[in-house]
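Work through the exercises below with the coordinates open. Try each task before reading its solution.

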Amino acid sequence: MKSIQNLLSAFLTTGVLATAVGWHPTAQAQATAQKAAAPPSTPPAGLSKPCPVKGENWRGKAFYEILFMNREANGGGIGNYYNSLGNSFDISNEVVDARFRSLQAESLKKEYGSDGVFFNGPRRFVANGFTAVSYNDCTKRAINTIPLYLYGTFEVPSFNEFVAGPPVAYKVLVSKRTNTFIFKAGEQVNELITPEGAVYTMFSLSLKADPTNTIENLPNLGKRLTLPTGWRYRTRTLERDMILSSSYDANPPNTIVLDQFEGNYQHNPGAR
């Protein structure tokens, strides 16, 4: 059985982008073909028909994500996520934010046949650019006029806990994906450092819990965070371009951390 990484190698050396996080998986799901229709009742881990997506000058741009979850017999969850990253809008961010916030989980569950729906966002991209891989030949799905790509499949240990609320802040979580984020020289980056010294660099922020948590307010973020014992927050200005990447089949797997406002930070093994 070919891995997802092998499926993508003909398209990009780097790819799949997902702000949605997969918590520590309970088991490796069987890779199967992904259909272009609505999410099936049991979403497969394997995704087919990959195609590249790329974005430049994306710092501060809006994007949105919807996670379609299905319950597993052991209480865990598995689902596909749809993300607008790579799509620009010809209307204001405020209008699209409002449309995203008006979405109803119950109606989407019925329409797409999932057991639960989680809305991740509105979000703002923090990196300057990215490369990514979408599936289904980059077929776009419009939900309340918001165009979304299918970017991946994820698993969570508890369906109920994940659908009911956001993941726990300042907890290291597994995100199985392949991606590349590009940060330009001279840019200020925001980072969390674990008690063990691992560095996590922010690549997106959320306006879900706090609509004022915009990219313009990032210089003051450190004053607003309430960090657990042993955690540190820092900002630094890049002297050269920085590439932050991960691989779907990495061992150990790629990990992320969320702050209390659901800002998303990816492990940065090259930082100290």
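Two strands pair if DSSP finds at least two bridges between them. The model used here is predicted.

**Exercise 1. Place strand β3 in its sheet.**

Task: Which residue of β7 is the bridge partner of Tyr81, and in what sense do β3 and β7 run?

Solution.
- Step 1. Locate the strands. β3 covers residues 77-83, and β7 covers residues 146-156.
- Step 2. Count the bridges. Seven bridges join β3 to β7. The cut-off for pairing is at least two bridges.
- Step 3. Read the direction. β3 and β7 run antiparallel.
- Step 4. Find the partner. Tyr81 has Gly152 as its bridge partner in β7.
- Step 5. Turn to β2, residues 62-71. β2 and β3 also pair in the antiparallel sense, over seven bridges. Here Arg71 stands opposite Gly77 of β3.
- Step 6. Check the turn. The hairpin of β2 and β3 has five residues between the strands. Within this hairpin, Gly75 takes a positive phi near 95°.

**Exercise 2. Test the cover of β3.**

Task: How many of the residues of β3 are buried?

Solution.
- Step 1. Set the cut-off. Buried means under 20% relative accessible area.
- Step 2. Apply it along the strand. Seven of the seven residues of β3 are buried.
- Step 3. Split the strand by face. One side carries Gly77, Gly79, Tyr81 and Asn83. The other carries Ile78, Asn80 and Tyr82. Both faces are covered.
- Step 4. Take Ala142 as a further case. Ala142 lies in strand β6, residues 141-143. Its relative accessibility is 57%, so Ala142 counts as exposed.
- Step 5. Add a distance. Ala142 and Ser84 are 58 residues apart in sequence. Their C-alpha atoms are 9.4 Å apart in space.

**Exercise 3. Classify the ring pairs of Phe125.**

Task: Why is the pair of Trp58 and Phe125 edge-to-face?

Solution.
- Step 1. Choose the descriptors. A pair of aromatic rings is described by the distance of the centres and the angle of the planes.
- Step 2. Set the scope. The structure holds 14 aromatic pairs.
- Step 3. Classify one of them. The centres of the Trp58 and Phe125 rings are 6.4 Å apart and their planes stand at 90°, so this pair is edge-to-face.
- Step 4. Map the pair onto the chain. Trp58 is in the loop between β1 and β2, while Phe125 is in strand β4, residues 116-125. The two are 67 residues apart, and their pair links distant parts of the chain.
- Step 5. Check accessibility. Trp58 counts as buried because its relative accessibility is 4%. Phe125 counts as buried because its value is 1%.
- Step 6. Repeat for Phe63. The Phe63 and Phe125 rings have centres 5.9 Å apart and planes at 80°, so this pair is also edge-to-face. Phe63 lies in β2 and Phe125 in β4, so their pair ties together parts 62 residues apart in sequence.
- Step 7. Widen the view. Ring pairs link Trp58, Phe63, Phe125, Phe130, Phe181 and Phe203 into a cluster.

**Exercise 4. Follow the charges.**

Task: Which residue forms a salt bridge with Asp210, and over which ring does the charged end of Arg224 sit?

Solution.
- Step 1. Start from the principle. Side chains of opposite charge can pair when their charged atoms come close.
- Step 2. Take the count. There are seven salt bridges.
- Step 3. Inspect Asp97. Its side chain meets that of Arg124 in a salt bridge, at 2.7 Å from N to O. Asp97 lies in helix α2 and Arg124 in strand β4, so the pair ties together parts 27 residues apart in sequence. Both Asp97 and Arg124 are buried.
- Step 4. Inspect Asp210. Asp210 forms a salt bridge with Arg224, with the closest N and O atoms 2.2 Å apart. Asp210 is in the loop between β11 and α5, and Arg224 is in helix α5.
- Step 5. Weigh the accessibility. Asp210 counts as buried because its relative accessibility is 13%. Arg224 is partly exposed, with a relative accessible area of 30%.
- Step 6. Find the ring. The charged end of Arg224 sits over the ring of Phe261, 4.3 Å from its centre.

Terms used: Residues numbered from 1 in each chain as written. Predicted model: local features only at pLDDT ≥ 70, side-chain atom pairs only at ≥ 80, totals over all residues. Heavy atoms only, no water. Buried < 20%, exposed > 50% of the residue type's maximum accessible area, 1.4 Å probe, protein only. Helix = DSSP H or I, 4+ residues; strand = E, 2+ residues; numbered from the N terminus. Phe/Tyr/Trp six-rings, centres within 6.5 Å; stacked < 30°, edge-to-face > 60°. Lys NZ or Arg CZ within 6 Å of the ring centre and 35° of its normal. Salt bridge = Lys/Arg side-chain N within 4 Å of Asp/Glu carboxyl O.
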